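Please look over the model below before reading on. The questions after it deal with folds, contacts and charges.

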Amino acid sequence: MRSCDIAIADAVHGIRVTLDRLHAAHAAGDVDEVLAVFGSDGYLGLEGVRDCHEQLFAAGAFDGREISFADAELYLFGATALVRPVAY
């Protein structure tokens, strides 16, 4: 395996771990963990994320949803990744 293949595999693994962690936080209704996931990536504007997720959790937006990567596409841009769509 070439070193760039290993780097890509490591990046994909890290993205999956992050998305699994975010899904678990959504399933548990854990706003603090959602913020920790976003904050671990240097995301700014966390207060807006808190407000939004508190409203989503209160409305039951994530109740009973399962995450699917079946149709997801992954794009890597240096140290940034875009995954879409991730279906709940």
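A salt bridge here is a side-chain nitrogen of Lys or Arg within 4 Å of a carboxyl oxygen of Asp or Glu. This is a predicted model, in which local features need pLDDT of at least 70 and side-chain atom pairs count only at pLDDT 80 or more, while totals for chains, interfaces and linings use all residues. Residues are numbered from 1 along each chain as its sequence is written, and side-chain values use heavy atoms, with hydrogens and water left out.

Q: What pattern does the protein follow along the sequence?
A: Helices (H or I, at least four residues) and strands (E, at least two) are DSSP runs, numbered from the N terminus. The protein has 3 helices and 2 strands. Read along the sequence, they give the pattern α-α-α-β-β.

Q: Which residue forms a salt bridge with R50, with the closest N and O atoms 3.6 Å apart?
A: R50 lies in helix α3. The partner sits 4 residues from R50 in that helix, so about one helical turn separates the two. The residue with its closest atom at 3.6 Å is E54.

Q: Which residues are joined into one network by salt bridges that share partners?
A: The side chains of R50 and D32 meet in a salt bridge at 2.8 Å, N to O. That pair links helix α3 to helix α2 across 18 residues of sequence. R50 also forms a salt bridge with E54. Through shared partners, the network joins D32, R50 and E54.

Q: Is R50 buried or partly exposed?
A: Buried means under 20% relative accessible area, exposed over 50%, and partly exposed in between (1.4 Å probe, protein chains only). The relative accessibility of R50 is 21%. R50 therefore counts as partly exposed.

Q: Which residue meets E33 in a salt bridge?
A: The N to O distance of this bridge is 2.5 Å. E33 belongs to helix α2 (residues 31-39), and the partner, 12 residues away, belongs to helix α1 (residues 3-28). E33 is partly exposed because its relative accessibility is 25%. The partner is R21.

Q: How many salt bridges does the count come to?
A: One pairs E33 with R21, and another pairs R50 with D32. R50 also bridges to E54. The count comes to 3.

Q: Why do the buried residues of α2 line one face of the helix?
A: The buried residues in α2 are V31, V34, L35 and V37. The arc is taken from the directions that run from the helix axis to the C-beta atoms. Seen down the axis of α2, the buried residues line one face because they fall within an arc of 160 degrees.

Q: Which helix supplies the largest share of the largest nonpolar core?
A: A nonpolar core is a set of buried Ala, Val, Leu, Ile, Met, Phe, Trp, Tyr and Cys residues joined through side-chain atoms within 4.5 Å. The largest one has 9 residues: L22, A25, V31, V34, L35, V37, V49, F57 and F62. Helices α1, α2 and α3 each supply at least two residues of this core. The largest share, 4 residues, comes from α2.

Q: Is H53 buried or exposed?
A: H53 lies in helix α3 (residues 46-58). Contact means heavy atoms within 4.5 Å. Not counting residues up to four places away in sequence, H53 touches H26, V31, V34, F38 and F62. With a relative accessibility of 9%, H53 counts as buried.

Q: What distance separates the C-alpha atoms of F38 and L22?
A: F38 lies in helix α2 and is partly exposed, at 23% relative accessibility. Along the chain, F38 and L22 are 16 residues apart. Their C-alpha atoms are separated by 8.5 Å.

Q: Which residue in β2 is the bridge partner of L74?
A: Two strands pair if DSSP finds at least two bridges between them. Strands β1 (residues 73-77) and β2 (residues 80-84) pair in the antiparallel sense over 5 bridges. The hairpin has 2 residues between the strands, and G78 takes a positive phi near 65 degrees there. In β2, the bridge partner of L74 is V83.

Q: What percentage of the 88 residues is buried?
A: H53 is one of the buried residues, as are V31, V34, L35 and V37 in α2. For the protein, with its 88 residues, the buried share is 17%.
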